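Thanks for coming, everyone. Please have a look at the chain on the screen, and then I will walk you through it.

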Amino acid sequence: MLFIIGTSVKNVKNTLANKKDKSCPFCSEKMHLIDTKQYFSAFFIPLFSIKNIDSYYLCSNCNYRINITN
Ligand SMILES: [Zn+2]
């Protein structure tokens, strides 16, 4: 039996942080908080997140990005 395991990186919308959503400084559209997470994966399918690598706000309209420094 061959197991292919490893890690992968995925950008996921942080739905728990709706209160922290803010408006884009350029187009006034709503910005969403995005987390870049490292996932443990098996057979190239991400199973669960190991750690949060990065977080940023992304405008859904013009893709303007604000990095959040931890
Ligand atoms: Zn924008």
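**A serine in a loop, and the strands around it**

Let's start with S60. It counts as partly exposed, because 13 C-beta neighbours lie inside 10 Å. Buried would take 20 or more, and exposed would take 12 or fewer. Keep in mind that this is a predicted model.

Where does S60 lie? Find the loop between strand 4, residues 45–59, and strand 5, residues 65–67. That is the place of S60.

Now look across from there. S60 and M31 are 29 residues apart in sequence. In space, their C-alpha atoms are 6.2 Å apart. Which residues does S60 contact, leaving aside its neighbours within four places in sequence? They are E29, K30 and H32.

Next, a second serine: S23. It sits in strand 2, residues 22–23. Is S23 buried or exposed? S23 counts as exposed, because its C-beta neighbours inside 10 Å number 12. The limit for exposed is 12 or fewer.

S23 has contacts too. Setting aside neighbours within four places in sequence, S23 is in contact with S28, K30 and M31. So K30 appears in the contacts of S23 and in those of S60, by the cut-off of 7 Å between C-beta atoms.

Here is a contrast to hold on to. S23 and L2 are 21 residues apart along the chain. Their C-alpha atoms are separated by 48 Å. For S60 and M31, 29 residues apart, the distance was 6.2 Å.

Now the whole chain. How many helices and strands does the chain have? Zero helices and five strands. Reading from the N terminus, the order is β-β-β-β-β.

Let's see how the strands pair. Take strand 1, residues 5–13, and strand 3, residues 30–42. They run antiparallel, joined by nine bridges. Two places to find on screen: T7 stands opposite F40 in strand 3, and K10 stands opposite K37 in strand 3.

Strand 2 also pairs with strand 3. That pair is antiparallel, with two bridges. K22 has M31 in strand 3 as its bridge partner. We met M31 already, 6.2 Å from S60, C-alpha to C-alpha.

Then come strand 3 and strand 4. They are antiparallel as well, over twelve bridges. One of the pairs to find is L33, whose bridge partner in strand 4 is Y57.

On to the turns. Strand 2 and strand 3 make a hairpin with six residues between the strands. In that hairpin, S28 takes a positive phi near 65°. S28 was one of the contacts of S23.

The hairpin of strand 3 and strand 4 has two residues between the strands. F43 is in that turn. Its phi is positive, about 55°, although F43 is not a glycine. F44 lies in the loop between strand 3 and strand 4 as well. Its phi is near 65°, again a positive value in a residue other than glycine. Why point this out? Because most residues other than glycine have a negative phi.

Are F43 and F44 buried or exposed? F43 is exposed, because 10 other C-beta atoms lie within 10 Å. F44 is exposed, because 9 other C-beta atoms lie within 10 Å.

What about burial elsewhere? Strand 1 is hardly covered: the count of buried residues among its nine residues is zero. Across the chain, buried residues make up 7% of the 70 residues.

Now the overall dimensions. The C-alpha atoms fill a box of roughly 55 × 20 × 20 Å along the principal axes. The radius of gyration is 15 Å. A compact globule of 70 residues would have one near 11 Å.

How do the contacts spread along the sequence? Consider those with a separation of 6 or more. Residues 24 or more positions apart account for 48% of them.

Last, confidence. The chain averages a pLDDT of 89, and 90% of the residues score at least 70. Which element has the lowest mean pLDDT, and which the highest? Strand 2 has the lowest, 89, and strand 5 has the highest, 94.

To close, go back to S60 on screen. Find the loop between strand 4 and strand 5. Then look across to E29, K30 and H32, its contacts beyond four places in sequence. Thank you.

Key:
Residues numbered from 1 in each chain as written. Predicted model: local features only at pLDDT ≥ 70, side-chain atom pairs only at ≥ 80, totals over all residues. Helix = DSSP H or I, 4+ residues; strand = E, 2+ residues; numbered from the N terminus. Contact = placed C-beta atoms within 7 Å. Pairing = 2+ DSSP bridges. Rg over C-alpha atoms; globule rule 2.2 N^0.38 Å. pLDDT = per-residue confidence, 0-100.
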